[in-house]
Amino acid sequence: MQGTVGELGEFGLIRELTARVPLTAAVDLGPGDDAAVVKAPDGRVVATTDVLIENRHFRRDWSTAYDVGRKAAAQNLADVAAMGAVPTAILLGLVAPADLPTTWATELMDGLRDECQVAGATVVGGDVVRGDVITLAITALGDLQGRAPVTRAGAKVGDVVAVTGWLGWSAAGLTVLQRGFRSPRAFVEAHRRPEPPYHAGPAAAELGATAMVDVSDGLVADLGHVARASGVDIDLRAADFDVPAQMADIGQAVGVDPLVWVLSGGEDHAIVATFPRGVQLPARWRVVGEVTAPARAARGGRVTVDGEAWDRVGGWDHFAE
């Protein structure tokens with residue numbers, strides 16, 4: 001489609017975007033009315049939201065609009081899955097300059113649609129407004145299907161820590177892009193389009209996971225949230241992590257220990273959970289550590305690697321220098 005969103009107009013843009021998304025069985029009423037209606041047979045709705053701003057969360061010279069749509073949906077749908085819920089729907093708030101090509105907006109919607117289909121969800125509505133910088137506000141909804149939510153606060157001393165999904169791939173890909181390269185392609189694509197293991201969240205809940213979180217800010221940083229909320233410490237074993245040979249090659253080329261990407265890199269949206277010892281985990285889960293008692297008089301919250309403090313925690317604070 002030729003032209004800009006300004007030439008198409010607000011309502012023309014809305015028609016173009018909503019025409020691209022199918023409905024699912026979880027949706028009673030989709031886009032086009034004052035609000036959508038999404039079924040909540042459980043009686044509870046899991047809800048989460050994120051905001052993405054151009055040149056802070058994505059760059060158009062690094063990622064296509066389709067990539068941005070896939071990534072924006074993935075990071076929200078992963079939060080739903082990490083609660084032990086099944087994703088059902090997302091809503092999009094889009095701020096766009098008037099001179100934005102219409103094709104960029106429609107390709108963005110295609111990315112959102114396709115990532116939702118991977119998770120079993122769909123886009124049910126949203127809003128578009130004019131602004132100086134492309135901004136996406138995504139709200140994702142999910143269904144617990146009768147299960148209790150798996151929070152960050154349930155880890156118990158003696159539990160094992162297990163992870164499923166990619167770790168460090170997005171951070172390695174970002175490092176490659178920052179140095180002006182586009183390969184190895186697998187790592188660059190992992191940064192552009194993360195692949196969260198959506199199915200693993202509800203499955204972990206069924207297996208009896210005591211705490212769970214998706215890895216958005218880095219494994220050590222995100223497990224720190226679990227440790228603090230649960231009042232425990234966590235110790236990880238470096239030898240139990242898989243560092244692919246190609247990631248090691250990238251690390252050697254740029255002078256970075258790849259374990260830093262694995263333990264501190266964010267935006268892979270792997271899922272990490274704690275389980276009672278003795279639970280039989282599927283092969284896709286890798287046990288990488290254990291939950292330990294905090295030191296006397298301490299409140300917990302410490303994450304160590306092989307018993308030692310990890311001084312490259314990573315994570316992200318939007319208001320830090």
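1. Let's start at Thr48, which sits in strand β3, residues 46-53. One thing to keep in mind throughout: this is a predicted model.

2. What does Thr48 touch, once its neighbours within four places in sequence are set aside? Its contacts are Asn76, Asp79, Val80, Ile138, Thr139 and Ala140. Keep an eye on Asp79 in that list, since the UniProt record brings it up again in the next point.

3. UniProt, in an unreviewed entry, lists Asp34, Thr48 and Asp79 under "binding site". It would be easy to picture these three side by side, but they span 46 residues in sequence and the farthest two C-alpha atoms are 26.3 Å apart, so they do not all gather at one spot. From this set, Asp34 is part of the lining of the second largest pocket. As for Thr48 and Asp79, those two are in contact with each other.

4. Now for Asp34 itself. You'll find it in the loop that links β1 (27-29) and β2 (37-38). Is Asp34 buried or exposed? Its relative accessibility is 80%, and because anything over 50% is called exposed, Asp34 counts as exposed.

5. There is a further "binding site" annotation, also from an unreviewed UniProt entry, and it covers Gly126, Asp127, Arg152 and Ser216. These residues are spread over 91 residues of sequence, and in space they are spread too, with up to 31.7 Å between C-alpha atoms. Gly126 and Asp127 from this set belong to the lining of the second largest pocket, and Asp34 from the earlier set is in the lining of that pocket as well.

6. Gly126 is worth a look by itself. Its place is in strand β5, residues 122-130. With a relative accessible area of 58%, Gly126 is exposed. Beyond its neighbours within four places in sequence, Gly126 is in contact with Leu91 and Leu92.

7. Last stop, Arg152. Where does Arg152 lie? Look in the loop between β6 (135-143) and β7 (160-164). At 39% relative accessibility, Arg152 counts as partly exposed, because that label goes to values between the 20% and 50% cut-offs. Neighbours within four places in sequence aside, Arg152 is in contact with Ala211, Met212, Val213, His225, Val226, Ala229 and Ser230.

Notes. Residues numbered from 1 in each chain as written. Predicted model: local features only at pLDDT ≥ 70, side-chain atom pairs only at ≥ 80, totals over all residues. Heavy atoms only, no water. UniProt positions renumbered as here; feature names shortened; annotations may be inferred. 1 Å grid on protein atoms, 1.4 Å probe; cavity = no way out; pocket = protein on both sides within 12 Å on 5 of 7 lines; lining within 4 Å. Helix = DSSP H or I, 4+ residues; strand = E, 2+ residues; numbered from the N terminus. Buried < 20%, exposed > 50% of the residue type's maximum accessible area, 1.4 Å probe, protein only. Contact = heavy atoms within 4.5 Å.
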